[in-house]
Amino acid sequence: VFTSYNGVLMDFALQDYVRHRDNKHLSHIPGSYGLPLIGKTFQFVVNPYRVLDENYRRYGPVHKASLTFQKFVVALGPEYIQQLMLDSERAFSARMGYETPLGDFFAGGLLMRDFDEHKFHRRIMQTAFKIDAMRTYTDQMHPIIDQQVTSWERESDFHFYPHIKTLLLDVGAKVFLGLDMRGQETQSLNQSFLDMNEGVLALIRKDWPGLLYRKGMNGRRELEAFFMGLVPARRGATGKDMATFFANEKTEEGEYFTDKVVGEHLIFLLLAAHDTTTSALTMATYYLANDQEWQDRLREELRGLHSTELSYDVLGKNVPDLDHCFKEVLRLNPPVPMLMRRTVKEIEVGGYALAPHTMIQISPLYTQRMEQWWSNPHSFDPDRFAREEHKQHSFLWAPFGGGAHKCIGLHFADMLFKCTLSKILLNYRIRFAKQDQYPGRIQHFPFAKPMDNLPLTLERLT
């Protein structure tokens with residue numbers, strides 16, 4: 001039986017998997033759920049690597065666990081990332097993997113679509129991520145980054161995380177939405193994102209007055225109204241921002257995608273690009289403040305380019321040390337520590353038969369620190385990418401996932417990271433503002449950052 005979705009024939013039998021509850025009959029899988037209801041959720045949130053490593057050593061690479069208030073099969077290692085990401089048997093649903101924690105907040109985004117529907121919706125983004133568009137985005141970013149980074153030296157009590165978050169939201173408003181936002185507009189949009197992120201972590205997941213989940217959903221509703229209000233004005237218009245590109249993509253039948261569809265994709269992509277790159281730059285600065293030698297090395301490479309405005313092509317080809325730094329930061333702190341799926345049919349993983357509707361997690365965070373693959377895996381060492389440690393297995397380094405669901409914005413994230421970090425390093429020597437900041441306490445969810453928001457001393461370079 002088939003049904004039509006925006007002009008695309010979808011297999012109704014395949015879509016029927018969304019109606020089923022999770023399979024929790026996992027007695028044949030080794031492992032332990034821990035405490036009733038909460039499992040090992042709190043230990044996992046505080047130190048996810050430690051919990052995963054303890055389970056790996058005790059039960060093996062494939063085991064069951066109760067993490068984030070859900071019961072999962074956990075599969076640790078590059079071979080399992082490869083199996084789930086390539087999904088040659090079309091057995092794993094991303095939508096149902098994330099439905100419980102994120103379904104209400106990212107409804108309609110690429111993350112919440114599967115198989116042919118997912119492929120169809122990536123079409124909306126095809127023009128926005130072509131090379132010519134990326135070159136334009138780079139040109140749009142530089143003035144915003146210049147203005148804000150050079151203003152930081154006037155701050156008396158400088159904390160990196162909130163400042164980089166504001167900077168990247170302003171960049172996102174320009175590149176994604178074609179808007180020059182400052183002051184109250186930026187603060188309001190940022191607050192909506194913050195509220196939504198808090199809602200994602202709510203323990204009581206009901207949209208009821210007074211609850212954190214309601215606060216998160218209100219943030220989502222405010223974002224939805226804001227984004228969907230942009231779309232009609234962009235129909236038939238010319239522009240170099242993603243909202244205009246998205247609004248003017250058409251189906252094979254020559255019809256525009258609806259305002260709701262375009263708005264939902266913009267919400268998800270702006271959040272994904274904004275918060276993940278904020279985390280990556282914060283953690284990079286944390287490592288570089290501790291490692292002055294690497295800081296000098298990157299600065300020397302950048303000065304050797306003899307340009308303060310680094311183009312998309314230069315950033316993509318002529319900065320190997322900066323590229324390795326980016327990769328190493330994402331190895332240590334991948335933007336999504338755990339990737340979740342749910343089976344849509346019976347499938348074997350690691351020698352165990354998993355029934356349909358079984359939740360399963362794979363972990364870039366753990367895989368990218370496995371001692372049997374990486375030398376000194378917990379150390380910041382960008383040169384490991386020059387040594388090509390990551391090439392021992394094609395999914396050993398997988399912060400952007402892979403296969404059909406590989407992050408469509410990975411080249412954008414790479415470019416935004418390099419544009420911003422290069423400007424910071426060419427303007428300042430960065431040092432910790434306090435003693436004993438390294439190693440510091442790290443918040444891992446929803447995205448990695450030091451718990452103290454990274455106070456720094458910025459020494460202006462001449």
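**Exercise 1.** Find how much space lies in the largest cavity, and say which residues line the largest cavity.

Solution. Begin with the kind of model: this structure is predicted, so that local features need pLDDT of at least 70 and side-chain atom pairs count only at pLDDT 80 or more, while totals for chains, interfaces and linings use all residues. Residues are numbered from 1 along each chain as its sequence is written, and side-chain values use heavy atoms, with hydrogens and water left out.

Next comes the search itself, which over the whole structure finds 1 cavity of 30 Å³ or more (a cavity being a set of points on a 1 Å grid over the protein atoms alone where a 1.4 Å probe fits but cannot get out). About 30 Å³ of space lies in the largest cavity (a volume is the space filled by probe spheres set on the points, which are joined across faces, edges and corners). The lining, meaning residues with an atom within 4 Å of a point, consists of L168, G172, F176, L270, A273, H274, F412 and L416.

Finally, place these residues in the fold: α8 (160-177), α12 (259-290) and α18 each give at least two of them (helices are DSSP runs of H or I with at least four residues, strands are runs of E with at least two, and both are numbered from the N terminus). The lining holds 6 nonpolar, 2 polar and no charged residues (Ala, Val, Leu, Ile, Met, Phe, Trp, Tyr, Cys and Pro are nonpolar; Asp, Glu, Lys and Arg are charged; the others, including Gly, are polar).

**Exercise 2.** Determine which element gives the largest share of the lining of the second largest pocket.

Solution. First take the volume of this pocket, about 400 Å³ (a pocket is an open set with protein on both sides within 12 Å along at least five of seven lines). Of the 20 residues that line the second largest pocket, those closest to its centre are K327, W397, F400, L410 and H411. Then look at the elements that give two or more residues to this lining, which are α14 (312-317), α15 (320-332) and α18. The largest share, 5 residues, comes from α18. By class, this lining has 10 nonpolar, 5 polar and 5 charged residues.

**Exercise 3.** Describe how α18 packs against α7 and against α15.

Solution. Start with α7 (residues 131-151) and α18 (residues 410-427), whose axes come within 10 Å and cross at roughly 35° (axes are lines fitted to C-alpha atoms, for helices over the stretch in contact, and angles between N-to-C directions run from 0 to 180 degrees). The residues of α7 that meet α18 include M134, Y137, M141 and I145, and their counterparts in α18 include F412, M415, L416 and C419 (contact means heavy atoms within 4.5 Å). This contact is made up of 10 nonpolar, 6 polar and 2 charged residues.

Continue with α15, whose axis comes within 11 Å of that of α18, with a crossing of roughly 115°. Here L322, D323, C325 and F326 of α15 touch A413, D414, F417, K418 and L421 of α18. The residues of the contact of α15 with α18 comprise 6 nonpolar, no polar and 3 charged.

**Exercise 4.** Give the order of the strands in the open sheet of 5 strands, and explain why one side of β3 and of β5 is left without a neighbour.

Solution. The order is β3-β4-β9-β6-β5, and the pairing is mixed (two strands pair if DSSP finds at least two bridges between them). Because β3 (62-67) and β5 (92-93) stand at the edges with a single partner strand each, one side of each has no neighbour in the sheet. Further in, β4 (residues 70-75) and β9 (residues 359-362) pair in the parallel sense over 3 bridges, and A75 has I362 in β9 as its bridge partner. Lastly, helix α5 (residues 94-102) packs on the sheet and touches β4, β5, β6 (339-343) and β9, its direction making about 115° with that of β6.

**Exercise 5.** Locate the cis peptide bond that joins Y438 to its partner, and the one that follows F445.

Solution. Y438 is joined to P439 with omega of about -5°, and P439 is found in the loop between β10 (428-432) and β11 (442-443). F445 is joined to P446 with omega of about 0°, and P446 lies in the loop between β11 and β12 (449-450).
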